[in-house]
Amino acid sequence: MLTLNQLTKVYSVGDPALRDVTFRVPRGQVVGLIGPSGAGKSTLIRCINRLVEPSSGAIYLDETDLTCLGSRELRRARRRIGMIFQEYALVERLTVMENVLSGRLGYVPFWRSFTRRFPGHDIENAYRLLDRVGLLAHADKRADALSGGQRQRVGIARALAQEPELLLVDEPTASLDPKTSRQIMRLITEICAERQLPAIVNIHDVPLAQQFVDRLVGLRAGQMVFDDTPDRLDETMLSEIYGAEDWTAMDQEDDEPESSSDAQISLRLPGAAT
Amino acid sequence: MTANAAYPRRWKRPPQLVTTRRWRLTLPLLVVAYLVLALGSLEIDAGRVVEGLSRGARFIQGFLQPDFVSRWQDIRQGLIESLTMTLTATVVGVLISVPIGIGAARNLSPRPVYLVCRSIVAVSRSLQEIIIAIFLVAMFGFGPFAGFLTLAFASIGFVAKLLADDIEEASASQIEAIRATGASGLQLIHYAIQPQVMPRLIGLSLYRLDINFRESAVIGIVGAGGIGATLNTAIDRYEYDSAGAILLLVIAIVMLSEYGSSYLRKTLQ
Amino acid sequence: MSALDTGPGEPPHYSQVWTFRTPRARLALWVGWVALVALFIWCWQIMNENTLWIFVTDAPSQAADISSRMFPPKLAYLPELLMPLWDTLNIATLGTLGGIILAVPVAFLAARNTTPSALLIRPVALFIIVSSRSINSLIWALLLVAIIGPGLLAGIVAIALRSIGFVGKLLYEAIEETDARQVEAVTATGAGRAQVIHYGLVPQVLPAFWGISMFRWDINIRESTILGLVGAGGIGMKLQSSIDTLAWSQVATILIVILGTVVVSETLSAKVRRALI
């Protein structure tokens with residue numbers, strides 16, 4: 001379970017990026033984090049594994065407060081937190097297998113990782129994960145030889161190789177086409193359900209989020225303005241989060257590419273005609 | 001997805017660079033063999049090296065406590081020679097490189113002109129400054145005039161080559177557009193080529209100014225004037241504190257000119 | 001009324017409007033050119049204060065004399081050049097190796113994203129790079145011959161010291177240009193510092209590293225041919241002694257050998273670099 005308590009981040013210049021964000025993610029729950037760009041979504045996710053140092057507040061992963069760990073304990077905590085990145089962030093010139101195995105780096109000593117001699121069960125597990133995400137045949141290819149969707153699957157396998165207790169997902173579908181986006185989101189939610197993993201998914205595509213996540217948190221200018229199930233998000237709330245806009249128009253626009261085949265994808269706004 | 005299949009517990013990184021097995025085995029052997037041979041042909045006089053260490057320490061001391069004063073007259077003269085011959089050589093070199101660079105551009109010049117200009121460039125680039133300097137000193141006598149000629153000659157190869165490559169890369173559509181207006185050869189160069197290439201030419205000249213100063217510190221060793229001659233004398237007399245002072249001055253001037261030229265390039269473009 | 005003092009509200013006749021540059025910029029440009037010409041003339045006069053023009057006017061006959069002595073090149077001299085040539089190759093190769101070994105840590109200390117301390121260590125690393133770069137390998141050789149005596153070792157060390165700056169500079173720029181997200185992703189797995197560098201950074205800079213090393217090796221072959229002029233071993237020693245004895249036909253042979261070596265090493269290095277990237 002993840003608990004955020006009055007998390008605040010102030011960058012040296014400008015307004016605070018996060019203001020008193022407090023919420024709790026129980027096991028197995030997938031939380032979608034929505035909000036306009038610059039609202040602090042990415043900062044929030046990076047504060048949790050301290051790729052960005054939070055200014056104040058507390059973050060509890062089960063019992064440990066992540067905000068006050070020394071560098072060694074921080075590394076131990078980080079390996080319990082899997083992270084999936086926008087635009088994959090794979091090490092492009094390493095093989096798929098090496099990328100997955102890099103999820104084990106926190107567990108093995110330097111000489112093992114240096115000579116690429118990972119323990120047998122790590123390798124076995126890596127193969128199992130590659131099979132799970134459907135890339136078993138590509139294990140020895142270089143990461144930059146894969147397509148976008150395949151790369152993001154490698155990113156997922158890398159995060160899972162850490163045997164995480166929490167998943168942080170940063171814009172997993174940016175730069176993917178609509179169909180692949182859906183497949184990736186489905187894969188992430190399935191895996192979270194299988195492993196009872198709590199997850200925070202930072203996502204800009206509201207209809208996609210509504211379709212897959214259990215709960216939505218809306219951020220605006222660093223403050224939480226919405227926290228409820230996806231079907232409670234209505235037009236007034238969207239305007240509150242993103243600013244005024246004709247949301248029914250967005251509905252149609254988004255439906256166009258694959259309107260007839262996937263009817264259930266359309267925006268599930270209570271007020272909109274679907 | 002196969003649910004309970006056994007997965008391998010071993011994995012080896014597929015070779016990335018050398019993919020044939022035979023070469024993967026022989027390549028390291030060749031490298032080791034070369035290293036053994038090469039290191040074997042080194043005749044290191046251990047006694048001389050040990051003796052040298054104390055001298056090395058003295059040199060480092062001289063570097064840390066440079067003596068600018070006692071040889072200041074020589075240093076000043078050397079620096080003036082170096083700086084003046086750097087500037088004049090760069091100006092003359094660039095002036096000569098412009099026609100040669102245009103001549104060496106395939107998209108502008110007729111074939112014979114192209115070949116002549118390219119071979120001038122090739123000769124100037126393949127001979128090192130110091131070898132040119134040896135010959136020019138033999139012909140023109142000791143002093144900065146030979147140095148000036150050396151640097152100017154070396155600049156031609158450098159600037160003309162890069163200029164020609166630049167012109168060849170200049171947008172063909174712009175050249176075509178101007179040509180279509182019925183412009184003459186010179187007008188073509190003025191309107192289609194010059195605007196595209198001019199900022200690069202200025203950048204190249206400033207860069208070459210840098211290089212020429214550095215080289216001017218070297219060619220003095222064979223008698224072509226400049227700070228190199230002063231340095232050579234200082235080292236011959238084992239005056240490491242003066243040598244340290246000269247080297248520090250050279251480093252400082254190179255740093256200054258590097259920052260200055262990158263600043264100038266930024267403002268001019 | 002000229003185009004210069006027209007207010008924004010009153011456009012002058014259109015024929016006056018279009019000029020290539022604004023008058024102020026044109027003026028600055030002219031002043032710049034005039035200053036450059038004046039500077040050139042001034043430098044020219046200072047430089048040639050002590051030039052003996054008799055020697056200069058005599059130069060064509062000297063040139064004719066030297067070239068007549070150079071041809072035909074003395075090919076019988078070739079066998080004597082084989083050992084010095086091997087030495088030259090060794091100076092370049094071993095010097096490049098040594099330079100790379102020293103340059104890699106310096107590059108990591110100098111790159112903004114890997115330096116342990118941007119305030120203390122980075123300036124030191126940058127200073128090492130700048131001083132190594134601004135001093136030509138021939139000057140390094142001159143110093144080293146004075147310190148550890150003439151011979152191959154001085155040449156190797158000179159090449160190595162000169163290579164630090166070159167390899168260090170290009171490598172640290174390559175390190176700074178790496179994709180930070182890949183490094184961040186490896187950090188997020190809980191990897192240690194060394195592991196982050198090895199998995200996140202090294203694969204990204206490796207191609208650049210090989211390219212830079214081959215490039216420097218090629219340059220070093222060229223530079224090591226002349227180190228012998230100051231006594232640091234290799235084919236340059238033969239050049240020096242031939243010049244001292246005015247054996248111009250031998251000089252011609254040596255120059256041909258040097259040119260050949262340089263051409264071969266250049267094509268080799270270009271080929272390897274193309275294969276690597």
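**Notebook: domains, a sheet, a helix and two cores**

I began with chain B, whose domain assignment gives domain 1 (21-61) and domain 2 (71-268), such bounds coming from an automatic or database domain assignment. I then looked up the C-alpha centres of these two domains of chain B, and they lie 36 Å apart.

I noted that this is a predicted model, in which local features need pLDDT of at least 70 and side-chain atom pairs count only at pLDDT 80 or more, while totals for chains, interfaces and linings use all residues. Residues are numbered from 1 along each chain as its sequence is written, chains are lettered from A and ligands numbered from 1 in the order in which they are written, and side-chain values use heavy atoms, with hydrogens and water left out.

For chain C, I found a division into domain 1 (1-39) and domain 2 (81-276), with the C-alpha centres of the two lying 49 Å apart.

Next I turned to chain A, where six strands form an open sheet in the order E6-E7-E8-E3-E9-E10, with mixed pairing; strands are DSSP runs of E with at least two residues, helices are runs of H or I with at least four, and both are numbered from the N terminus, while two strands pair if DSSP finds at least two bridges between them. Strand E6 (81-84) and strand E10 (223-228) of chain A are at the edges and have a single partner strand each, so one side of each lacks a neighbour in the sheet. Within the sheet, I saw that E7 (residues 166-170) and E8 (residues 199-202) of chain A run parallel and are joined by four bridges, and that Val169(A) has Val201(A) as its bridge partner in E8(A).

I also checked helix H9 (residues 235-242) of chain A, in which Met237(A), Leu238(A) and Ile241(A) are buried, buried meaning under 20% relative accessible area with a 1.4 Å probe and protein chains only. Seen down the axis of H9(A), the buried residues fall within an arc of 100° (taken from the directions from the helix axis to the C-beta atoms), so they line one face of the helix. After H9(A) comes Gly243(A), with a positive phi near 95°.

Last, I looked at the largest nonpolar core (buried Ala, Val, Leu, Ile, Met, Phe, Trp, Tyr and Cys residues joined through side-chain atoms within 4.5 Å). It has 85 residues, of which Ile130(B), Ile131(B), Phe135(B), Leu138(C) and Ile139(C) touch the most other members. Helix H6 (residues 137-148) of chain C gives this core its largest share, 11 residues.

How values were computed:
Buried means under 20% relative accessible area, exposed over 50%, partly exposed in between (1.4 Å probe, protein chains only).
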